[in-house]
Structure formats: C-alpha cells, structure tokens
Amino acid sequence: FQAFFDRFYYQIQTGANFINYLYIYNEVFGGDYDIGLNLNNKTVIDVGSNIGLMGFWLNKNFDHVEVHCFEAAPPLAKICKHNVNSNCKTNRFHCNELAIGNEEQSLKIQYFPLMNGFSTMAGGFSTKIQNMSWPVGPLIKKLSGHRQEYLVSCVRLDKYLKEHHLEEIELLKIDVEGFEDRVLEGLGDEITRVKNMIIEVEHFRKGQKERVYKSLQNYTVKE
C-alpha cells in the first residue's frame, strides 16, 4: 500500500512499467539499504541510481545528506532527477548522467524500458535469463524485446571524489548489473575515503564475486 500511496502523493515517476517500480520500491524500502547507519549530515554516493528511489528513501529518513547520484541511461537519469527532489526538504542532490567504471571512456548501455532494473553495460543478459526459473525467465525474455542502446560517458570515481573535494563517504551504494568490479577498481587508493558500502553482486557472472571481494579486502563483508 505504501508504494502506491507514495507514487501518487509525491508524484513519483515510475517509467514504463509500474510493476518494475514496485519491485525496486520493495528492494529499497524493504530493509536492504537500512544497515543501521545514521546518515544525517553525511555524504552518500549512489552508483546505479535507476529512478532515484534510494534518494527518495534518504529524504524520508534523514536530513542534511549530501547525495551524489550516478545513472548512465539517459531516460532513467531524467526520472531520477525528478524523484530525488520529491519530498526533499534539507538534503542536497547532485544528479550525474554518467557511468562509473575503471576507465574514462564512452560505453554502450543496453536500456530496457519495460524492466529498467536490468539495464546493463556488462552484457551477459542471455545468461541471466537462463538462470531464471519459470515463469519469470520467459516473461523477462519477452519484455527484453523492447530495448534501446545509448552511448554514455564513463568516469572513474577516484577522480570525481578529488574534483568535488569529497573527503569522507559514509555510504557508497553500487547496483550496476555486472559492472561492480570496475566501479571498485575506479576508486583506486581513494577507496579508503569510503566507510560503508552496499553492493549488489550478480552471482551468475563467473568470478565476479571474487573480483569484488578482492577490492574489499580491508573491509568486513556481510552477505
């Protein structure tokens, strides 16, 4: 019920698929992002912002947060900018239509309007569907027929932190459909500025978990 109420009361934009919005809303407000941190007056980086529901969650729970959002898919970046300003009272948002990786370059992103949470720069979409059980797999395959491709700019996060004088990051959230290891590589030695992370890792990608863990050797990891 709360997802429906928020959608209409705060005029949240959902994209082409309302069910997709419900899925992401449940992921954000279902407790996955609440790891017991007090984020008041802190800095948060959201890599893979999608439609901006993490920003909306921050607005509901914390004050005076500085949030740097990154969303590579242009249609989602536009929606994100709108949604993070819904119910925004004291928080400050910097919405970047950029990809984050280990090189400064131009990359292609596959964008799926009917299931935007699956949009990816890492490929492997066919394998992902094969690992899904019936009836989810066939449904996703059908919805994936509607896709668009964009050429997007990719930057390293270490350079961004230095350019924006971000000395301490209380929380870094990464949800980038297979690009997690490259986001972490792009932090370089500046990873020490980050105190806490929430990272979604797709386990069907061979070696991805190990590559991510390698970058987190100085952190306590909880699955």
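Mentor: Contact, as we shall use the word here, means heavy atoms within 4.5 Å. Keep in mind too that this is a predicted model.

Trainee: With that meaning in hand, which residues does L172 touch?

Mentor: Leaving aside residues up to four places away in sequence, L172 touches I45, V47, L157, L187, V194, N196, M197 and I198.

Trainee: How should I read such a cluster, and which residues have the most contacts inside the largest nonpolar core?

Mentor: The general idea is that in soluble globular proteins, nonpolar side chains tend to be buried together. Here the largest nonpolar core has 59 residues, and those with the most contacts inside it are I45, V47 and L172. The largest share of this core, five residues, comes from helix α3. Apart from it lies another core, of six residues, which includes F112, M115, F118 and I129.

Trainee: Where does V47 find its bridge partner?

Mentor: V47 is partnered with F70, which belongs to β2. Strand β1, covering residues 43–47, runs parallel to β2, and five bridges join the two. On its other pairing, β2 meets strand β3 (residues 92–96), again in the parallel sense and over five bridges, with H68 standing opposite H94 of β3.

Trainee: How does the chain cross from β2 to β3, and what is the hand of that crossover?

Mentor: The path leads through helix α4, residues 74–84, and this β-α-β crossover is right-handed. A right-handed β-α-β unit is also made by β1, helix α3 (residues 53–61) and β2.

Trainee: Are the faces of β2 covered or open?

Mentor: Begin with the general idea that in a regular strand the side chains alternate between the two faces of the sheet. In β2, E66, H68 and F70 lie on one side, V67 and C69 lie on the other, and all of them are buried, so that both faces are covered, taking buried to mean under 20% relative accessible area. Put as a count for the strand, which spans residues 66–70, five of its five residues are buried.

Trainee: In what order do the three strands of the open sheet lie, and which are its edge strands?

Mentor: An edge strand pairs on one side only, and here β4 (99–101) and β5 (105–111) fit that description. The order is β4-β6-β5, with mixed pairing, and neighbouring strands of this sheet are turned by 45 degrees against each other on average, direction ignored. Between β4 and β6, the latter covering residues 148–156, the pairing is parallel over three bridges, and A99 has C154 of β6 as its bridge partner.

Definitions and conventions
Residues numbered from 1 in each chain as written. Predicted model: local features only at pLDDT ≥ 70, side-chain atom pairs only at ≥ 80, totals over all residues. Heavy atoms only, no water. Pairing = 2+ DSSP bridges. Helix = DSSP H or I, 4+ residues; strand = E, 2+ residues; numbered from the N terminus. Axes fitted to C-alpha atoms, helices over the stretch in contact; angles between N-to-C directions. Buried < 20%, exposed > 50% of the residue type's maximum accessible area, 1.4 Å probe, protein only. Right-handed = clockwise from strand over helix to strand, strands pointing away. Core = buried A, V, L, I, M, F, W, Y, C linked by side-chain atoms within 4.5 Å.
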